[in-house]
Amino acid sequence: MVLLSVRGLKVTLGSKEVLKGIDMDLPGGEVVALLGPNGSGKSTLIAAAGGVGRRSGGSVDLLGDDIDTLSRRQVARRVAIVPQQTGFLMPFTVMETVLMGRFPAAGRFARLSNDDEQAAMAALEMVDLGSFGERLVTDLSGGEAQRVAIARALAQETPVLLLDEPVSALDPRHAMAVFRLLGSLKNEGKGVIVALHDINLALRFADRIVFLKEGVLYEPPSPRLVDEKVLARIFDNQWRLETLSSGDRAAFPLA
Amino acid sequence: MPPRGPFRFWILALSASLGAALLWVISIGEVRIPPGDVIDVIFGNISRIDPRSVIVLSIRLPRALAASAVGAVLAGSGVVFQGVLLNPLAEPYTLGVATGAAFGASLAITLHLPFISPFAFGGGVGALGLVWILGHGGRESSSSTRLILAGVIVGSVLGAGITLIKALAGDQVGVIVLWLLGSFSLASWGDVGWSMASALLVLLLGLFWARDMDVISSGANPRSLGVDDRKAVGLLLFGCSLATAIAVSISGIIGFVGLVVPHLVRLVSGPSHGRLVPLSVLGGALLLLLSDTAARSFGELPVGVITALIGGPIFCFLLWRGR
């Protein structure tokens, strides 16, 4: 089932047309890696597809409904977004912050229940922060803060998850753990789009790889068909792709 | 959210202190009236023509209630402004309400008009409208920086206007200066009604949008967590500015309450608005009630001087602690 469907999506910021008519479908049970050079429009696409960014044209359907017909709360119950910058300002505790992910599902005044607390705790454990509940988010390292933002999105328990460079501040072990986590969410039938720069993580974990360059989407028919030429064309530099003894492929930028 | 600090304890402690302070404040003065008698007057057990009844019901009770309600408005609005403008220095006067009200009042005083409060209210609301239009600049939504900047600009221009009026006011200048410094000495039951309604408005707005303010102030993209930030911020800022305009038209400009109380309360409540709003409303009421009593005891000093004298050092302490 297609969870998120983007048609003819255009975004113009100032005088620049950042996205020039994007068509994209996200079915459940898939992790889609979104790659592209700086300024290619990855964050703009994530924001517009998730209903938090500006849209100059085109439509976004979430679970069959036009996103413009849904309230903000309804949208936040269907799609969760992990932003590139966590931007924590106030000294909320880690637990309080993750519980904010439960607000869209809770009523305005409804007390957060034990279920909510358990969901938040489970989300924290998924990102290896189970013991961080009482710490203040303003005291965390960049990588810890990024994992809190991921946990907050997980606590929303949405069918669609959009992540904007979620592992940019994470050490290799935690980055791998996040992608294994995305894999298990996929197995639960969720749809995941993750913007990132690490081509090797994409090659290893993504079901589909889509490239964005100058506001236009390019998707090879299969991730197996991503080769040195494709990477060179997207990133304007030389690449070497090697197949490892494990069968995985690894990409190295040469220049 | 998990409780941080004993929220119930602070609610009870502040409510009890406010109640006790009200009784004490009403009982002291040139004529001492024992707290027991004050209670008897309020419950109608003492004749309405007894001098004690006249003093309590016509002078001290309305003054005490108006001071408490205005304190509640200022502190509650301060929480809201700091929360949604993402600026720790924001206060109820940030969007030009106070200078607008001061301008209106100064105009009414120099022109010898019999009613100052309606002019002050009109000036406050007019300035707010101007800031709102400037801050939005023809767009649908506005950034907090633009709004704050518009507030500064409108405030400076109106401030110059006030200076001009003072220069031309002749012997009225003393009246203008006293009004600007704020006082509750002439509070009526009508003032009590208006200020109580404003306080209620601030409390209800703050509680209704507490979770939205948590999300906004946390630094998250509010929309990704289901918060309609345009609607929430607009309603909160407009509602609290309106309440502040009413408060200012009753009491004049009283500084520091809206700035200091929220910062003090955060020390015990944490940043969660469900706790911050009610505690600040109580704290602001208590602080302004006691400040007004001090002002009264020192021979009717302007209450704005007292709050500045109390608030200044507290703010220095908070700054020094690095909050």
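**A tour of the salt bridges and the A–B interface**

Start by selecting Arg102(A): at a relative accessible area of 10%, this residue is buried (under 20% relative accessible area; exposed is over 50%, partly exposed in between, with a 1.4 Å probe and protein chains only). Before moving on, note that this is a predicted model, in which local features need pLDDT of at least 70, side-chain atom pairs count only at pLDDT 80 or more, and totals for chains, interfaces and linings use all residues. Residues are numbered from 1 along each chain as its sequence is written, chains are lettered from A in the order in which they are written, and side-chain values use heavy atoms, leaving out hydrogens and water.

Now add Glu157(A), which forms a salt bridge with Arg102(A) (a side-chain nitrogen of Lys or Arg within 4 Å of a carboxyl oxygen of Asp or Glu); their closest N and O atoms are 3.2 Å apart. Glu157(A) sits in the loop between α5 and β7 of chain A and Arg102(A) in the loop between α3 and α4, so the pair ties together parts 55 residues apart in sequence (helices are DSSP runs of H or I, at least four residues, and strands runs of E, at least two, numbered from the N terminus).

Next, select Glu30(A) and Arg208(A), a salt bridge with its closest N and O atoms 2.9 Å apart. Here strand β3 (residues 30-35) meets strand β9 (residues 208-213), with the partners 178 residues apart. Glu30(A) is buried at 19%, and Arg208(A) is buried too, at 15%. Add Glu219(A), and you have one network of salt bridges that share partners.

Then go to Asp65(A) in strand β5 and Arg78(A) in helix α2. Their salt bridge has a closest N–O separation of 2.8 Å. Asp65(A) is partly exposed at 30%, while Arg78(A) is buried at 19%.

Now bring chain B into view. 31 residues of chain A are in contact with 26 residues of chain B (heavy atoms within 4.5 Å). The two chains bury about 2,600 Å² (accessible area lost on being put together, summed over both, 1.4 Å probe), with 61% of it on carbon and sulfur atoms. Select Arg72(A), Phe103(A) and Arg108(A): within chain A these lose the most area to chain B, together 26% of what that side buries.

Which residue of chain B forms a salt bridge with Glu96(A)? It is Arg275(B), with the closest N and O atoms 3.1 Å apart.

Finish at Ile133(B), in helix α5 (residues 117-136) of chain B. Ile133(B) is exposed, at 62%.
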